[in-house]
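This report is a guided reading of one protein chain, written for someone who is new to looking at folds. Please keep the sequence and the 3D view open while reading.

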Amino acid sequence: MRVVIAEDDALLREGLSLLLKTAGIEVAAAVDNADDFLAAVAADRPDAVVVDVRLPPTFTDDGLRAAVRARAIHPGLPVLVLSAYVEDSYASELLGDGAGGIGYLLKERVGKVDRFLESLRRVAEGGTAMDPEVISQLLVRRRADDPLSALTAREREVLALMAEGHANPAIAERLVVTEGAVHKHIRNIFAKLGLSADEAGHRRVLAVLAYLDARPGSS
């Protein structure tokens, strides 16, 4: 796997580079600003990118905007956002294209190397990897006509764990239910979100994207 890193903190950037190389992952480029990030992706499209939200020159959402731009130029480019903040701006564009391959982890909560690498690999394979705190903060920003309002409390719990990237056995273990019950809940979620069996794209990913995109400012 080849990865491009965009992180303005030199210590963290070098640390991430060393971590990935030690894990056998090639770092195609490690840059400190949005322009160089876009140039690196254009020069030789990587298998995934790790992007900080706040990059130069404004240190607001330059990294997130660059990630959206990169996905527009290279559809389906796997993006793992690694940030100290939950940033709403431009997040709907990043989460809402239905292509999957999206992750959003908070720096302060990435405490285990194995978990970080697992999240990166999952995103590179087209899945999702969302920090529980990110999910929690996005939940409270939902609009009144939330498209997920038809889901039961248990179905929302299942979908939240899906958003974190857990497979059915792990969801069953966490909720202390059978895998059959989890499968039934997921089937109900797909039905309520209108994700039919012949839906173009992976229904699990589409359901998670619907979950994450259902908040103010989303289309």
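What follows describes the sheet, the helices beside it, the nonpolar cores and a few points of backbone geometry, and the model described is a predicted one.

**The sheet**

A good place to start is the open sheet, which is formed by six strands in the order β2-β1-β3-β4-β5-β6, with parallel pairing. At its edges lie β2 and β6 (128-130), each of which pairs on one side only. If direction is ignored, neighbouring strands of this sheet are turned by 15° against each other on average. In general, strands of a sheet pair through backbone hydrogen bonds, and the pairing may be either parallel or antiparallel.

The table lists three of the strand pairs.

| Strand pair | Sense | Bridges |
|---|---|---|
| β3 and β4 | parallel | three bridges |
| β4 and β5 | parallel | five bridges |
| β5 and β6 | parallel | three bridges |

Individual residues let you follow these pairings across the sheet: Val-51 has Val-81 of β4 as its bridge partner, and Val-81 in turn has Tyr-104 of β5 as its bridge partner. Further along, the bridge partner of Ile-102 is Thr-128 in β6.

How many residues of β5 are buried? Five of the five are, so this strand is largely enclosed by the rest of the structure. Ile-102, Tyr-104 and Leu-106 point one way from β5, whereas Gly-103 and Leu-105 point the other way. This can be set beside a general rule, namely that in a regular strand the side chains alternate between the two faces of the sheet.

**Helices beside the sheet**

Helix α1 (residues 10-22) packs on the sheet and touches β1, β2 and β4, and its direction makes about 175° with that of β2. Helix α5 (residues 113-124) also packs on the sheet, where it touches β1, β3, β4, β5 and β6, and its direction makes about 145° with that of β4.

Helix α2 shows how one helix can have two unlike faces. Its buried residues are Ala-34, Phe-37, Ala-40 and Val-41. These residues cover an arc of only 120° around the axis, which puts them on the same side of α2. An α-helix has 3.6 residues a turn, so residues three or four places apart point the same way. The elements that cover the buried residues of α2 include β1, β2, β3 and α3, while the face turned away from the buried side carries the exposed residues Asp-35, Ala-42 and Ala-43. The N-terminal end of α2 is capped by Asn-33, which has a side-chain oxygen 3.2 Å from the backbone nitrogen of Asp-35.

**The nonpolar cores**

In soluble globular proteins, nonpolar side chains tend to be buried together. In this model the largest nonpolar core has 28 residues, and those with the most contacts inside it are Phe-37, Val-49, Val-79, Val-81, Leu-94 and Tyr-104. Two or more residues are given to this core by each of β1 (2-6), β2 (26-31), α2 (34-43), β3 (48-51), α3 (62-73), β4 (79-83) and β5 (102-106). Which element gives the largest share of this core? That element is α3, with five residues.

Val-81 can serve as an example of how residues far along the chain come together: leaving out residues up to four places away in sequence, Val-81 touches Val-51, Val-53, Leu-64, Leu-94, Gly-103, Tyr-104 and Leu-105. There is also a second, separate core of 16 residues, which includes Val-3, Ala-48, Leu-105 and Phe-116.

**A buried proline in a loop**

Pro-78 is found in the loop between α3 and β4. Is Pro-78 buried or exposed? Its relative accessibility is 8%, and because buried means under 20%, Pro-78 counts as buried. Although Pro-78 and Ala-48 are 30 residues apart in sequence, their C-alpha atoms are 4.7 Å apart in space. Beyond its neighbours within four places in sequence, Pro-78 is in contact with several residues, among them Arg-45, Asp-47, Val-49, Arg-71 and Val-123.

**Backbone geometry in the loops**

Most residues other than glycine have a negative phi, and most peptide bonds are trans. The loop between β3 and α3 holds Pro-57, which is joined to Pro-56 by a cis peptide bond with an omega of about 10°. Phe-59 also has its place in the loop between β3 and α3, and although Phe-59 is not a glycine, its phi is positive, at about 55°. With a relative accessible area of 43%, Phe-59 is partly exposed.

Val-176, in the loop between α8 (168-175) and α9 (179-192), likewise has a positive phi of about 55° without being a glycine. At 72% relative accessibility, Val-176 counts as exposed.

Conventions:
Residues are numbered from 1 along each chain as its sequence is written. This is a predicted model: local features need pLDDT of at least 70, side-chain atom pairs count only at pLDDT 80 or more; totals for chains, interfaces and linings use all residues. Side-chain values use heavy atoms; hydrogens and water are left out. A nonpolar core is a set of buried Ala, Val, Leu, Ile, Met, Phe, Trp, Tyr and Cys residues joined through side-chain atoms within 4.5 Å. Buried means under 20% relative accessible area, exposed over 50%, partly exposed in between (1.4 Å probe, protein chains only). Helices (H or I, at least four residues) and strands (E, at least two) are DSSP runs, numbered from the N terminus. Contact means heavy atoms within 4.5 Å. The arc is that of the directions from the helix axis to the C-beta atoms. A polar contact is a pair of N or O atoms within 3.5 Å; within protein, one must be able to donate a hydrogen and the other to accept it, and residues adjacent in sequence count only if both atoms are side-chain atoms. Two strands pair if DSSP finds at least two bridges between them. Axes are lines fitted to C-alpha atoms, for helices over the stretch in contact, and angles run from 0 to 180 degrees between N-to-C directions.
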